[in-house]
Amino acid sequence: MIHPALSCMYICTLFNPDLSVSSQLRLVQKCLQDVVGPSPRVLLESFTNWAELISYDRVFVMKPESVEEIQRAVYAAHACRRQVRAVGSSHSSSPLFGDRGHIHLNLSNLALENGKRVILQPLNPDRPVAVVKVAPSVTQAELDRELEVMGYAFPFGPLVSDVTVAGSIATSSHVRHIA
Ligand SMILES: Cc1cc2nc3c(=O)[nH]c(=O)nc-3n(C[C@H](O)[C@H](O)[C@H](O)COP(=O)(O)OP(=O)(O)OC[C@H]3O[C@@H](n4cnc5c(N)ncnc54)[C@H](O)[C@@H]3O)c2cc1C
């Protein structure tokens with residue numbers, strides 16, 4: 001891990017930046033990037049949830065491509081006193097997502113072993129159901145397609161096909177369907 005430069009320590013901690021001031025927000029962005037290193041990029045973007053009920057004008061966004069990049073992102077967040085939130089398909093209507101100055105992790109570039117996104121676990125005679133492992137951004141639609149190829153079906157899955165499996169689990173939504 002890269003140790004934050006003293007100037008960044010000052011900006012992120014002692015100085016307590018005023019995030020309503022664009023120039024100070026950009027200073028924090030630069031510090032986050034300095035700590036993270038070249039990848040993932042630290043972007044400043046607006047955020048709106050699916051129903052357009054929750055909008056934030058500027059949040060930091062990182063799109064890590066590996067577990068190591070997630071670790072670097074979280075380390076940088078800690079060093080710069082920022083909070084991190086994974087974001088799925090943004091279908092939640094509660095204010096779960098961090099506002100201005102928070103870091104949203106977009107996990108759509110993460111895959112499982114050998115670049116796969118859905119992996120059927122070895123069948124186990126002691127377990128009466130098939131089990132799959134999914135990448136963090138796999139949606140219900142993608143899971144359904146992959147399962148069909150494998151000869152399985154998710155009989156009572158959520159009707160909203162573009163929610164992510166991880167997002168549904170995190171909010172305990174569709175509880176009768178996803179476990
Ligand atoms: C049109 C519509 C219909 C719906 N119908 C139903 C319904 O019938 N029944 C029901 O129960 N719910 C329903 N919902 C609610 C919806 O299923 C949940 O809000 C669900 O959490 C959305 O998943 P998401 O991928 O959009 O997650 P997001 O809304 O993006 O995120 C939800 C939470 O999950 C966390 N999260 C996301 N991805 C990850 C990850 N990879 N790792 C860790 N945490 C993560 C986020 O930090 C956040 O706290 C509906 C929503 C909509 C918009």
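What is the mean pLDDT of the protein chain, and what share of its residues reach 70 or more? This is a predicted model, and the mean comes out at 90, with 94% of the residues at 70 or more. Confidence does vary from element to element: helix 1 has the lowest mean pLDDT, at 76, while strand 4 has the highest, at 98. Keep in mind that where pLDDT is low, predicted coordinates shouldn't be read in detail.

Now for the overall layout. The chain has five helices and six strands, and if you walk along it from the N terminus, the elements go α-α-β-β-α-β-β-β-β-α-α. The C-alpha trace spans about 60 × 35 × 25 Å along its principal axes. Of the 179 residues, 24% are buried. If you look at contacts with a separation of 6 or more, 51% of them link residues 24 or more positions apart.

The chain is divided into two parts, domain 1 (6-106) and domain 2 (113-171). Their C-alpha centres sit 29 Å apart. Where they touch, domain 1 puts in four residues and domain 2 puts in nine. On the domain 1 side, those four are polar, with no nonpolar and no charged residues among them.

Next, let's look at the largest nonpolar core. It has 19 residues, and the ones touching the most other members are Cys31, Leu32, Val35, Ala73, Ala76 and Cys80. Helix 1 (6-14), helix 2 (22-36), strand 2 (55-62), helix 3 (67-79) and strand 4 (103-106) each supply at least two of the core residues. Helix 2 gives the most, with five. Cys80 is a handy place to start if you want to trace the packing: leaving out residues up to four places away in sequence, Cys80 touches Cys12, Val28, Cys31, Leu32 and Val35.

Finally, the ligand. Where does it lie with respect to the two domains? Both domain 1 and domain 2 give residues to the shell around the ligand, so it lies between them. That shell has 23 residues, and the closest to the ligand are Gly88, His91, Ser92, Gly167 and Ser173. Strand 3 (84-87) and helix 5 (165-171) each supply at least two shell residues, and helix 5 has the largest share, with five. Sorted by class, the shell has 11 nonpolar and 11 polar residues, plus one charged residue.

Note on methods:
Residues numbered from 1 in each chain as written. Predicted model: local features only at pLDDT ≥ 70, side-chain atom pairs only at ≥ 80, totals over all residues. Near = placed C-beta within 6 Å. Helix = DSSP H or I, 4+ residues; strand = E, 2+ residues; numbered from the N terminus. Nonpolar A, V, L, I, M, F, W, Y, C, P; charged D, E, K, R; others polar. Domains from an automatic or database assignment. Core = buried A, V, L, I, M, F, W, Y, C linked by C-beta atoms within 7 Å. Buried ≥ 20, exposed ≤ 12 C-beta atoms within 10 Å, placed from the backbone. Contact = placed C-beta atoms within 7 Å. pLDDT = per-residue confidence, 0-100.
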